[in-house]
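Trainee: I should like to request a close look at a single part of this model, with the surroundings brought in where they help.

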Amino acid sequence: MKCEVAVPAKINLSLDVIGEREDGYHLLETVMQSIGLFDKVTVSLLPFSAADREPIRIVADRPTFPLDSRNTCHKAARIFLSACRGSAAAGFFEGKQVRIHIDKKIPQAAGLAGGSADAAAVLIALNRMAGSPFSDAELSAAGAKVGADVPFCLLGGTALCSGIGDILEPMPFLGRFPLVL
């Protein structure tokens with residue numbers, strides 16, 4: 001079984017830093033916008049064997065980012081699977097390895113939320129595959145544990161974001177306009 005999700009990059013149309021929390025995160029007021037640059041993430045469930053060392057495996061078309069527990073996709077899968085424990089969805093993943101293939105088009109470390117978008121894609125794919133046991137709000141809360149931009153990447157579109165970027169207020173589409181990255 002597999003699920004493919006295309007996830008867009010995001011830009012900040014405005015960004016005001018309005019404070020700092022004790023944990024070092026900045027408090028923001030920003031307007032985020034999804035753009036037409038996408039990564040494609042394919043999540044597959046494969047039989048887990050004794051030869052497999054990890055229940056989560058990441059494969060990518062670029063060797064320049066971590067493929068282990070440091071990767072946001074790995075963190076998202078781990079958080080999702082942990083949230084499934086004790087729920088009806090727990091048995092769905094039993095005896096299976098989560099294989100995540102990332103086809104990367106969003107540049108790394110460019111402020112375009114590529115890693116956050118990929119993590120959001122993993123949450124979306126796993127939720128779909130398990131029959132949608134979690135609501136959008138529950139996925140957003142799980143995403144916030146991975147990174148501040150993940151809740152926006154789950155929502156997409158245009159949104160006024162506050163807090164560390166995790167408090168979202170959807171906005172109407174602002175229209176198409178040219179953009180240079």
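How many aromatic pairs does the structure hold?

Mentor: The model is a predicted one, and its structure holds three aromatic pairs. One of them joins Phe80 and Phe93 in an edge-to-face arrangement, with 5.9 Å from centre to centre and 85° between the planes. This pair links distant parts of the chain, since Phe80 belongs to helix 1 and Phe93 to helix 2 (residues 90-93), 13 residues apart. Phe80 is buried, because its relative accessible area is 1%. Phe93 is buried as well, with a relative accessible area of 9%. Phe93 also pairs with Phe92, again edge-to-face, at 5.0 Å centre to centre and with 90° between the planes. Phe92 counts as partly exposed, because its relative accessibility is 24%. Taken together, ring pairs link Phe80, Phe92, Phe93 and Phe134 into a cluster. Phe92 has a further partner: the charged end of Lys96 sits over its ring, 4.8 Å from the ring centre.

The cluster leads on to the nonpolar interior. The largest nonpolar core has 44 residues, and Phe80 and Phe93 are among those with the most contacts inside it, together with Val43, Val98, Ile100, Val122 and Leu126. The elements that give two or more residues to this core are strand 1 (2-20), strand 2 (26-47), strand 3 (56-60), helix 1, strand 4 (96-103), helix 3, helix 4 and helix 5. Helix 3 provides the largest share, 10 residues. Val122 shows how such a residue is surrounded: apart from neighbours within four places in sequence, Val122 is in contact with Val41, Val43, Cys73, Ala76, Ala77 and Ile100. Of these contacts, Val43 and Ile100 also appear among the core residues with the most contacts.

Helix 3 can be followed further through two of its residues. Ser116 is found in helix 3 and counts as buried, because its relative accessibility is 14%. Beyond its neighbours within four places in sequence, Ser116 is in contact with Thr72, Asp149, Val150 and Cys153. Arg128 also has its place in helix 3. With the neighbours within four places in sequence again left aside, Arg128 is in contact with Cys3, Glu4 and Val5. Arg128 and Lys2 are 126 residues apart in sequence, yet their C-alpha atoms are 10.0 Å apart in space.

Helix 4 (residues 136-146) has a buried side made up of Leu139, Ser140, Ala142, Gly143 and Val146. Seen down the helix axis, these buried residues fall within an arc of 165°, and therefore they line one face of helix 4. The face turned away from that buried side carries the exposed residues Ala137 and Lys145. As for what the buried side meets, its residues pack against helix 1 (72-84), helix 3 (114-129) and helix 5 (150-155). Helix 1 is thus the element that holds Phe80 and also one of those against which helix 4 packs.

The cysteines deserve a separate remark. In general, a disulfide is a covalent bond between the sulfur atoms of two cysteines. In this model the count comes to zero disulfides. Cys3 is in no disulfide, and the nearest cysteine sulfur, that of Cys73, is 13 Å away. Cys3 is nevertheless buried, with a relative accessible area of 10%. Cys161 is likewise in no disulfide; for this residue the nearest cysteine sulfur is that of Cys153, 9.5 Å away. Cys161 is buried, with a relative accessible area of 0%. Two of the cysteines named here also take part in contacts described above: Cys3 with Arg128, and Cys153 with Ser116.

A loop residue completes the account. Ser49 is found in the loop between strand 2 and strand 3. Ser49 counts as partly exposed, because its relative accessibility is 34%. Ser49 and Val5 are 44 residues apart in sequence and 26 Å apart in space, C-alpha to C-alpha. Val5 itself is one of the residues in contact with Arg128 of helix 3.

Terms used:
Residues numbered from 1 in each chain as written. Predicted model: local features only at pLDDT ≥ 70, side-chain atom pairs only at ≥ 80, totals over all residues. Heavy atoms only, no water. Buried < 20%, exposed > 50% of the residue type's maximum accessible area, 1.4 Å probe, protein only. Helix = DSSP H or I, 4+ residues; strand = E, 2+ residues; numbered from the N terminus. Arc of directions from axis to C-beta. Contact = heavy atoms within 4.5 Å. Phe/Tyr/Trp six-rings, centres within 6.5 Å; stacked < 30°, edge-to-face > 60°. Lys NZ or Arg CZ within 6 Å of the ring centre and 35° of its normal. Core = buried A, V, L, I, M, F, W, Y, C linked by side-chain atoms within 4.5 Å. Disulfide = S-S within 2.5 Å.
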